[in-house]
Amino acid sequence: MARIDSAFADLAALDTLAALDSPVHRLDPRVKVLTALVFVVCVVSFDKYVLAAMAPFALFLSLVMAVAGIPAGYVLRRVALVAPFAMLVGLFNPLLDQQPQFFLGPITVSGGWLSFGSILLRFGLTVAAMLVLVAVTGFHAVCLGLERMGMPRIFAVQLLLLYRYMFVLVEEGQRMHRARSLRSFQGRGLGMRIFGHLIAGLLLRTLDRAQRVHMAMLCRGFDGTIRLRRDMRLTLRDLLLFLLVCLLLLALRRYDCAQLLGRLFMGS
Amino acid sequence: MSHHIVEVLDLIHTYGDGTAAVRGISFRIHHGESVAVVGANGAGKSTLLLHLNGSLTPQGGSVRIGDFPLTRETLPEIRRTVGMIFQDPDDQLFMPTVAEDVAFGPLNLGLPPGEVEQRVTRALDRVGVEHLRDRPPHRLSGGEKRAVSIATVLAMSPDILVLDEPSSNLDPRARRLLIELLAGFQHTKIIATHDLDLVLDLCPRTIVLKEGRIMADGPTGAIFDDDQLLADCHLEQPLRLQACPRCGRKQA
């Protein structure tokens, strides 16, 4: 349960970050969602051996984080937490692809290692981008933004309710778990059978709560559609910034900045 | 003004599992009255309350709110008139932010955006939590959640407020603030509670329920003086009316 505890402390921290105020926070959610999308598409569409050309994207992300006041440690820790998945994906690359690509002094770097690094970097960048998106926008604003851009409302509402009641559900589950572990000695009563009862109890409580929530909605005139307040305003500044950032990202994708810089300095 | 009258006649409700929760309750509450509904656990308080805005439909007898009997057709109007505040604020606050939640009712009434905004601000201001408007409800304290729940109902400008255990799970200060807030409202108030000291502060009239029937209906003072009645209904005198534990004297 400690793991779940800390995972939820994390989510709460994300909420706190989203409540900060910065030029990035003030942008329209739609602009941020679309920018994140362009960013991710650019990053994942790089060729499999590319490493250095992705550096400017990391720089871009750091810049956004700096302006928004998102602590780097927070994002890096989250990325490290999920990194094993990416490692699993790229695990066999160094073994399967041993074609030497270049030499770092005495060390031969094979294509496999290069693509492994590339996978890790890509993964890190996309996960970090999503984290930063939620941290500078807030989960509910992301949902509302998606809804404004055409995601069916029912999905948006589902996501919002899921996010709202996840906290209540986890707290309830924690209380049940605590009550059980306080009365189980030498591991007795911690088996699967009892766990099943616990989950069943949680399900019944959830159904009860769903009924009460529905009743509360009906009391306030709910007729089947949830109406969301539309207080998003897309300003000219938002649009210009969006265009500018998109152009920048596409340019970074098209031209290998690292190589250009290298050439400039080495004069070749 | 006759349109804020709450009239219940021979109300009967039996749940699906055979529990007869309400067995023939009748009363009439006038405009601006503040009435407490008290009784032991399972006496039928919550079931009665759920009938007052049509969350449950009467199986026998009738409910009238103002000039309308409670029927399918009058339901929307009655739900606007009767603001229901649930026991668990987590059930009532289901939207992602406080402002969004307070706006839920007015938006469903089909009000224009400007008016909705005005009502949200006014309601939050009335309960003194304007500063919480952009916070997610799951991060509020118990007292804040309660205040916001009340604001969600006020935003629909109801004439009658129905509260189920409003002071449960509140710390003493939050409870005191709640009592002061409710005392300031002009609405007709119907409060189901175990907190008899709160009743003493807010409700001149009390209805005592036992096993789905009305045992007493009258001035709060007279009811709280009737020790036999209170004992029969699993109740106790409010602490303030009991003898002082230090000196043994009763309050004058």
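Colleague: Is Ser157(B) buried, exposed or partly exposed?
Modeller: In this predicted model, Ser157(B) lies in the loop between α6 and β7 of chain B. It has 16 other C-beta atoms within 10 Å. A residue needs 20 or more to be buried and 12 or fewer to be exposed, so Ser157(B) counts as partly exposed.

Colleague: Thanks! What is the phi of Ser157(B) near?
Modeller: Ser157(B) is a residue other than glycine, yet its phi is positive. The value is near 35°.

Colleague: Which residue in the segment after α10 of chain B should I look at next?
Modeller: Go to the segment after α10 (227-232) of chain B. A residue other than glycine has a positive phi there, near 60°. With 14 C-beta neighbours inside 10 Å, it counts as partly exposed. The residue is His234(B).

Colleague: Let's go back to helix α6 of chain B. Is Ile150(B) buried or exposed?
Modeller: Ile150(B) sits in helix α6 (residues 142-154) of chain B. Its C-beta neighbours inside 10 Å number 25. The threshold for burial is 20 or more, so Ile150(B) is buried.

Colleague: Which residues does Ile150(B) touch, leaving out those up to four places away in sequence?
Modeller: Ser62(B) is 88 residues away along the chain, and its C-alpha atom is 27 Å from that of Ile150(B). The residues that Ile150(B) does touch, once those up to four places away are set aside, are Ile85(B) and Val127(B).

Colleague: Ile85(B) has caught my eye. What is its bridge partner in β7(B)?
Modeller: Ile85(B) belongs to strand β6 (residues 82-85) of chain B, where it points the same way as Gly83(B), while Val82(B) and Met84(B) point the other way, and all are buried. Strand β6(B) runs parallel to strand β7 (residues 160-164) of chain B, and four bridges join them. Opposite Ile85(B) in β7(B), the bridge partner is Leu163(B).

Colleague: There is an open sheet in chain B as well. Which strands stand at its edges?
Modeller: Four strands make up this open sheet of chain B, with antiparallel pairing, in the order β2-β1-β4-β5. An edge strand has a single partner, so one side of it is left without a neighbour in the sheet. The strands in that position are β2 (20-29) and β5 (68-69) of chain B.

Colleague: And which residue stands opposite Arg64(B) in β5(B)?
Modeller: Strand β4 (residues 60-65) of chain B pairs with β5(B) in the antiparallel sense, over two bridges. Across from Arg64(B), in β5(B), stands Pro69(B).

Colleague: How many of the eight residues of helix α1 of chain B are buried?
Modeller: Helix α1 of chain B spans residues 45-52 and is largely enclosed by the rest of the structure. Its buried residues are Lys45(B), Thr47(B), Leu48(B), Leu49(B), Leu50(B), His51(B) and Leu52(B). After the helix comes Gly54(B), with a positive phi near 80°. Of the eight residues in α1(B), the number buried is seven.

Colleague: Over to chain A now. How do α7(A) and α8(A) lie to each other?
Modeller: Helix α7 (residues 111-137) of chain A and helix α8 (residues 139-148) of chain A have axes 6 Å apart and pack at about 100°. Angles from 65 to 115 degrees count as roughly perpendicular. The two helices α7(A) and α8(A) are therefore roughly perpendicular.

Colleague: Which residues of α8(A) meet α7(A)?
Modeller: By class, this contact has five nonpolar, one polar and no charged residues. From α7(A) come Leu133(A), Val134(A) and Thr137(A). In α8(A), they meet Phe139(A), Ala141(A) and Val142(A).

Colleague: What is the radius of gyration of chain A?
Modeller: Chain A has twelve helices and two strands. Its C-alpha atoms fill a box of roughly 70 × 55 × 30 Å along the principal axes, and 24% of its 268 residues count as buried. A compact globule of 268 residues would have a radius of gyration near 18 Å, whereas that of chain A is 24 Å.

Colleague: Lastly, which element gives the most to the side of chain A that touches chain B?
Modeller: Here 22 residues of chain A are in contact with 25 residues of chain B. The elements giving two or more residues to that side of chain A are α9 (153-182) and α10 (192-219) of chain A. By class, the side has twelve nonpolar, two polar and eight charged residues. With eight residues, the element that gives the most is α10(A).

Note on methods. Residues numbered from 1 in each chain as written. Chains lettered and ligands numbered in written order. Predicted model: local features only at pLDDT ≥ 70, side-chain atom pairs only at ≥ 80, totals over all residues. Contact = placed C-beta atoms within 7 Å. Nonpolar A, V, L, I, M, F, W, Y, C, P; charged D, E, K, R; others polar. Pairing = 2+ DSSP bridges. Axes fitted to C-alpha atoms, helices over the stretch in contact; angles between N-to-C directions. Parallel < 35°, antiparallel > 145°, perpendicular 65-115°, else oblique. Rg over C-alpha atoms; globule rule 2.2 N^0.38 Å.
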